[in-house]
Amino acid sequence: MAHSIRLASERVDFSVPSDKAPPQLFTPGMVISQESGFMRGHGTYGEDDSIKASVAGIVDRVNKLVVIKPLKSRYNGEIGDVVVGRITEVQQKRWKVDTNARLDATLFLYSVNLPGGELRRRSVEDEQMMRKYLTEGDLISAEVQNINSDGSLSLHTRSLKNIKYGKLGQGMLIKVFPSLIKRQKTHFHNLPCGASIILGNNGFIWISPVINAEEEHGGFTINLEDAVPKSVREVMVRLRNSINALAASKILLFDTSIQYAYDQSKKYSVVELLNPEVMLDVAVMTQHQLQMLE
Amino acid sequence: MASVLLNDAEKTFILHGVEVDLRCDGRRRGDYRPMELETDVVSTASGSARLRLANTDILVGVKTEIDVPYPENPEEGKLEFFVDCSANATPAFEGRGGEDLANEISSRLSRAYQSLPLAPLCIVPKQACWKLYVDILILECGGNFYDAISLAVKAALFNTRVPQVTGSFLDGGSVDLEVSDDPFQCWRLDITKAPVLVTLSKIGDNCVVDPTAEEETCSVASIVVAVLDSGSLTAVIKIGEGSVHEQTLIETIKTAQKIGVELNSSLMTALNQEESLGPKRQRFGFLK
């Protein structure tokens, strides 16, 4: 039995020192520019001949266009992004998916590879079987196929060569800010520590035991019988807590930073990684190691 | 309770984790998540506390008011709980969504708090007494409401300062009270008889303390036990539709009792430590 009640005066400040000067922060209503000739972009509004910020964030200037990038926002999808999402609704020929965006994303029945893999017409039978494939609460990994006019996303789970989209099995989901995920060539990683990880661009991170590449393609059946061994579980939990430590200190998440954090966390037990001081230490050490790399 | 959507595979993963005594965040079955406590965060209340248990955020304020005692308890004060589920916590609380949960929590809290002696709150028997309004605000949901709320309530009551009544005059049928003008002239409640609640959630064949919201979804039944400093129990409540075997129930209550005593003592240590910082200590509240 262990518990700790700490006082607010002992609260840990998670900010990690960095040699880069912090960018200028704009708060809503702050004047960005009083000169004319600028174009107002997202996150700004015009008042009294000046451009003001409508959200808290940093300014981004592209030629004449002034945009405020919010520090904290919901996920703004881009075509080609890898996302992890949860099915919230089964509708006519489509599923609704929660991807942490303003609107639920759609996954059409024709955008998935149905079991069997062969090309076939999406028939009435398929429509009636939809709940058998994916039902409310199921987690999927998918790619953004299109952005609709209302800003909602269309997803697809047609797998390519070695990337496997589709239903996710046993494992755990972590939610972080979408802005913390570094955009990379691949968002699927089999880490050397012995766990597999999907870094969704929408800030949903999926940790699971290493997926065997030989498994049946486009699987909609999930093995619930086999328990994940304790050793693998410990690796996954450590990974989860390391990622949470990095996220608390707002360090970008990608395979290298996660691997570094995992290695740094080795000197602590898994439970200790819940302590704010330990989390900060892991984050600082990781940041240091990342800076050495540059 | 505000439940999260999980699929079967995730539930299985949590279930197996509890079985091998390694939960999804690395804790063992009997571990709590780190908590953070601050008292006297609301300057306009007679007493207040804020407790954060991982993602569960609770703010408690205590208000004092003069009232007439209940005719059945003419020599006792009054204690009333009110829970407000903020829609900030989860959209499910919007409108009247959180009302059921709020009523459930407040009625169970008042049951558990029957052990607290209310006689010191009486000013003039049958005529006047202090009434304490305990307002509980749920700001964020991360599971394990009962434990977090009970700790926050106890801390807020510890922090409560009841004004000193310097004189009372019976004028015909009504009472005139003279309350001290000095805001620092006040007395404090004895909270040794205030319970903390310990929740044990049954997941599979085992019980875990301090369940996360995800774990609560996997649990079929939870036992909430109200424990005093001394180890006496003031209430045992079962939540959820599942059943608990007689033997399991007895064992669960014993475990909860042990945990409750330890939790009580850590809470008192934390409160005394904060007290020792003096009245001029810095208030952090929600910023920093």
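A salt bridge links A:Arg11 to B:Glu36 in this predicted model, and the closest N and O atoms of the pair lie 2.8 Å apart. Across the interface of chain A and chain B, 2 salt bridges are found by the rule. Polar contacts between the two chains come to 13 residue pairs, counted with both residues at pLDDT 80 or more.

It helps to see which parts of chain A supply this surface. Strand 1 (5-7), strand 9, strand 15 (172-175) and helix 3 (230-248) of chain A are the elements that give two or more residues to the side touching chain B. Helix 3 of chain A provides the largest share, with 7 residues. By residue class, the side of chain A that touches chain B holds 20 nonpolar, 9 polar and 12 charged residues.

The extent of the interface can be described in two ways. In terms of residues, chain A brings 41 to the contact and chain B brings 41. In terms of surface, the size of an interface is often expressed as the accessible area that is lost when the parts come together. For chain A and chain B the buried area is about 3500 Å², and carbon and sulfur atoms account for 62% of it.

Backbone pairing also crosses from one chain to the other. Strand 1 of chain A and strand 1 (residues 35-39) of chain B run parallel and are joined by 3 bridges. Within chain B's strand 1, B:Met35 is the residue that stands opposite A:Ile5.

Turning to pairing inside chain A, strand 9 (residues 82-91), which also gives residues to the side that touches chain B, runs antiparallel to strand 10, with 5 bridges between them. In this pairing A:Val90 faces A:Trp95 of strand 10. The hairpin of strands 9 and 10 of chain A has 2 residues between the strands, and A:Lys93 adopts a positive phi near 60 degrees there.

On its other pairing, strand 10 of chain A meets strand 11 (residues 105-108) of chain A, again in the antiparallel sense, over 4 bridges. Here A:Arg94 stands opposite A:Phe108 of strand 11. The hairpin of strands 10 and 11 of chain A has 6 residues between the strands, and in this hairpin A:Asn100 takes a positive phi near 70 degrees.

Strand 10 of chain A (residues 94-98) has two faces that can be told apart by their cover. A:Trp95 and A:Val97 make up the covered face, whereas A:Arg94, A:Lys96 and A:Asp98 make up the uncovered one.

Conventions:
Residues numbered from 1 in each chain as written. Chains lettered and ligands numbered in written order. Predicted model: local features only at pLDDT ≥ 70, side-chain atom pairs only at ≥ 80, totals over all residues. Heavy atoms only, no water. Buried < 20%, exposed > 50% of the residue type's maximum accessible area, 1.4 Å probe, protein only. Pairing = 2+ DSSP bridges. Contact = heavy atoms within 4.5 Å. Buried area = accessible area lost by both parts, 1.4 Å probe. Salt bridge = Lys/Arg side-chain N within 4 Å of Asp/Glu carboxyl O. Polar contact = N/O pair within 3.5 Å; in protein donor to acceptor, adjacent residues only side chain to side chain. Nonpolar A, V, L, I, M, F, W, Y, C, P; charged D, E, K, R; others polar.
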